[in-house]
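Subject: Structure handover

Hello,

Here is the structure I promised you. Please open it alongside this note; my findings follow below.

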Amino acid sequence: MFRPVVFLSLFLLAGFATLSRAEEDVIIETAEETAGKADGVLQGAATDATAEEAAAPILHSPDAETTVYFTFPPNTKEIPTNKPIRLLIGFRNKGQGVFMVDYLDASLRYPMDFSYNIANLTSVRFSRAVAPREEATFDYGFYLSDAFASRPFTLNINLHYRDATDKGFIHSIYNETIQAIEVDEGLDSQTFFLYVIFGAIVVLGGVFGQQYFAAKINKKRPARKAEKSPAVESGTSKSSDVDYDWLPESSIRHLTKSPKKSPTQTPSPQQSPKAKKRV
């Protein structure tokens, strides 16, 4: 009975101690202190915004003039893929101070939303000083892959430069919608092998068709009978084949008594008297 009372008392003491510590941790702020902190936050935000505005470059300087000329392709509305695109950028200093042209960057943007960046193109650093009343020309080029073919884009080209007081400027020298096209270069390797395979298929089809129709025609054609060789007239080369019934008996007797001579046999020449004496 004594032990449960002790445990209960200890539990109540621990609970009172926890509540007292929680009350000590709570800090009550007055309205004046809250307003002071809010003013400090607003002042800090205004200071940061002012610093960012001071550090941000100005978009364009009135003393600088730029021109863009595409050398390839001449039509700037259609940009071919898998071809190097080249352009010249002219920078003219109309002011009294020196301008330092730092670098140039370009990007492809979505035509309906300029904030949507599709791809960043090549960036080129120039780091060239342009004196007052002088003009400089810069060369720039980029390359589009086949993935951009048959699609419209907004080509944005920015030129970054600074004046003598080290104030930065960003001049958007080109910002127009272009059409990426795929150039047909005629017969390439893939097209050549495709034509070769197509030709081989046509030849094989012709050979198989000729064999098929030839076999079909041979089955329909009747078999030829063996032709007999023509009889050859042998004449009366044998004596037994001669018919003597139509001859008179006297002629038959004369023929049987007289020796037969070959038609090709020639009479022997007469012997000379000297030959007879020798015999």
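From the N terminus on, the elements run α-α-β-β-β-β-β-β-β-β-β-α-α-α. That makes five helices and nine strands. Please keep in mind that this is a predicted model.

Confidence

The average pLDDT of the chain is 75, and 61% of the residues score at least 70. Among the elements, strand S4 has the highest mean pLDDT, at 96, and helix H2 (residues 31–55) the lowest, at 47. Two stretches call for a separate mention. Residues 22–31 have a pLDDT below 50, with two contacts in the model beyond near neighbours in sequence. Residues 49–55 are also below 50, and that stretch has zero such contacts.

The chain as a whole

Of the 279 residues, 18% count as buried. The accessible surface is about 22,600 Å², and carbon and sulfur atoms hold 59% of it. Take the contacts with a separation of 6 or more: 66% of them join residues 24 or more positions apart.

The S1-S3-S7 sheet

Three strands form an open sheet, in the order S1-S3-S7, with antiparallel pairing. Strands S1 (64–72) and S7 (135–143) are the edges, each pairing on one side only. From one strand to the next, the twist averages 20°. S1 pairs with S3 (residues 84–93) over eight bridges. Within that pair, Ala64 stands opposite Asn93.

A salt bridge also links these two strands. Glu65 and Arg92 form it, with their closest N and O atoms 3.9 Å apart. Glu65 lies in S1 and Arg92 in S3, so the salt bridge ties together parts that are 27 residues apart in sequence. Both ends are partly exposed: Glu65 has 35% relative accessibility, and Arg92 has 43%.

Strand S8 and its partners

S8 (residues 151–162) is mostly covered, with nine of its twelve residues buried. S8 pairs with two strands I looked at. With S4 (residues 99–110) the pairing is antiparallel, over nine bridges. Here Met100 has Arg162 as its bridge partner. With S9 (residues 168–181) the pairing is again antiparallel, over twelve bridges. Pro152 is matched there with Gln179.

S8 and S9 form a hairpin with five residues between the strands, and Asp166 takes a positive phi near 65° in it. Asp166 also makes a salt bridge with Arg162, at 2.8 Å between the closest N and O atoms. Shared partners join Asp102, Arg162 and Asp166 into one salt-bridge network. Asp166 is exposed, with a relative accessible area of 51%. Arg162 is partly exposed, at 29%.

The loop between S1 and S2

This loop comes up twice. Lys77 sits in it and Glu176 in S9, so their salt bridge ties together parts 99 residues apart in sequence. The N to O distance is 2.9 Å. Glu176 is partly exposed at 34% relative accessibility, and Lys77 is partly exposed at 42%.

Asn75 is in this loop too. Its relative accessible area is 38%, which counts as partly exposed. The C-alpha atoms of Asn75 and Ile178 are separated by 9.9 Å, although the two residues are 103 apart along the chain.

In total, the count comes to five salt bridges.

Best wishes

Conventions: Residues are numbered from 1 along each chain as its sequence is written. This is a predicted model: local features need pLDDT of at least 70, side-chain atom pairs count only at pLDDT 80 or more; totals for chains, interfaces and linings use all residues. Side-chain values use heavy atoms; hydrogens and water are left out. Buried means under 20% relative accessible area, exposed over 50%, partly exposed in between (1.4 Å probe, protein chains only). Helices (H or I, at least four residues) and strands (E, at least two) are DSSP runs, numbered from the N terminus. Two strands pair if DSSP finds at least two bridges between them. pLDDT is the predictor's confidence in each residue, from 0 to 100. Contact means heavy atoms within 4.5 Å. Accessible areas come from the Shrake-Rupley method with a 1.4 Å probe; for residues, only the protein chains shown count as cover. Axes are lines fitted to C-alpha atoms, for helices over the stretch in contact, and angles run from 0 to 180 degrees between N-to-C directions. A salt bridge is a side-chain nitrogen of Lys or Arg within 4 Å of a carboxyl oxygen of Asp or Glu.
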